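Reader: Hi, I've got a structure to go through with you. Can we put it up and take it piece by piece?

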Amino acid sequence: MILTVIPTNDMTAYAEDANTTSTLEKAIATNVAKDLYSSSYSGGSTLSSGVYYLSANKTFGSASSGTNGLKIASGATVYIYIPAGVTLTANGKNGSGTTGGYAGILVPSGSKLVFLGDGTVIAKGGNGASGSK
């Protein structure tokens, strides 16, 4: 599976070509890719341009703590490889008072997020707030 998420009003996904897959495989094989399972990455982490992979199931963020589950840096292009049998879960924080809920994965306008592999992505935004404190 190769899926790209581009921020637009409708959230568009499209497939990357074989050259992208080859580049990612080389990055992982040569240790250029960063493992998101590492303790360096937690809920609310901002990913800069580069190649990432997930070596085991991991959840980023929770409904009760943090902000966005994961955030892509402004203007960044991020590739995440998730192999079959591995799940990336990203949960945005629930809203509170007059603050709305946060994104499971925040991809700002002008940024690009590409998922590769046969793994699973579960992204859940936080619940909205009631508007009262």
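Author: Let's begin with terms: helices (H or I, at least four residues) and strands (E, at least two) are DSSP runs, numbered from the N terminus. Two strands pair if DSSP finds at least two bridges between them. This is a predicted model, where local features need pLDDT of at least 70 and side-chain atom pairs count only at pLDDT 80 or more, while totals for chains, interfaces and linings use all residues. Residues are numbered from 1 along each chain as its sequence is written, and side-chain values use heavy atoms, with hydrogens and water left out.

Reader: OK. How many helices and strands are in the protein?

Author: The protein has one helix and twelve strands. From the N terminus on, the order is β-β-α-β-β-β-β-β-β-β-β-β-β.

Reader: And what stands opposite Tyr81 in strand 11?

Author: That's Leu116. Strand 8 and strand 11 run parallel and are joined by five bridges. Over in strand 5, Tyr53 is the residue opposite Tyr81.

Reader: How many bridges join strand 5 to strand 8?

Author: Four, and the two strands run parallel. Tyr52 has Ile80 of strand 8 as a bridge partner.

Reader: Which strand pairs with strand 5 (residues 50–53) over two bridges?

Author: Strand 3 (residues 34–35), in the parallel sense. There, Lys34 has Tyr52 of strand 5 as its bridge partner.

Reader: Where does Lys34 lie relative to the ring of Tyr52?

Author: Lys34 lies over the face of Tyr52, 4.9 Å from the ring centre. To count as over a ring, NZ of Lys or CZ of Arg must be within 6 Å of the ring centre and within 35 degrees of the ring normal.

Reader: How many aromatic pairs does a search of the whole structure find?

Author: Zero. A pair here would be rings of Phe, Tyr and Trp (its six-membered ring) with centres within 6.5 Å; planes under 30 degrees apart count as stacked, over 60 as edge-to-face and the rest as tilted.

Reader: New topic, the tyrosines. Is Tyr79 buried or exposed?

Author: Buried means under 20% relative accessible area, exposed over 50%, and partly exposed in between (1.4 Å probe, protein chains only). Tyr79 has 19% relative accessibility, so Tyr79 counts as buried. Tyr79 lies in strand 8, and its C-alpha is 6.3 Å from that of Gly50, although the two are 29 residues apart in sequence.

Reader: What's the relative accessible area of Tyr53?

Author: For Tyr53 the value is 23%, so Tyr53 is partly exposed. Tyr53 sits in strand 5. Ala33 is 20 residues away from Tyr53 in sequence and 6.6 Å away in space, C-alpha to C-alpha.

Reader: How many residues does the largest nonpolar core have?

Author: It has 20 residues, and those with the most contacts inside it are Leu36, Leu47, Val78, Ile80, Leu88, Ile105 and Leu113. Strand 7 (70–72), strand 8 (77–81), strand 9 (87–91) and strand 11 (112–116) are the elements giving two or more residues to this core. By a nonpolar core I mean a set of buried Ala, Val, Leu, Ile, Met, Phe, Trp, Tyr and Cys residues joined through side-chain atoms within 4.5 Å.

Reader: Which residues does Ile80 touch?

Author: Leaving out residues up to four places away in sequence, Ile80 touches Leu36, Leu47, Tyr52, Leu88, Leu113, Val114, Phe115 and Leu116. Contact means heavy atoms within 4.5 Å.

Reader: How many residues of strand 9 are buried?

Author: Four of its five residues, so strand 9 is mostly covered. Strand 9 pairs in the parallel sense with strand 6 (residues 58–60) over three bridges, and with strand 12 (residues 120–124) over five bridges, also parallel. Ala90 stands opposite Phe60 of strand 6 and opposite Ala123 of strand 12.

Reader: Last one. What's the strand order in the open sheet of three strands?

Author: The order is 4-7-10, with parallel pairing. Strand 4 (45–47) and strand 10 (105–106) are at the edges with a single partner strand each, so one side of each has no neighbour in the sheet. Strand 7 and strand 10 pair over two bridges, and Leu70 has Ile105 of strand 10 as its bridge partner.
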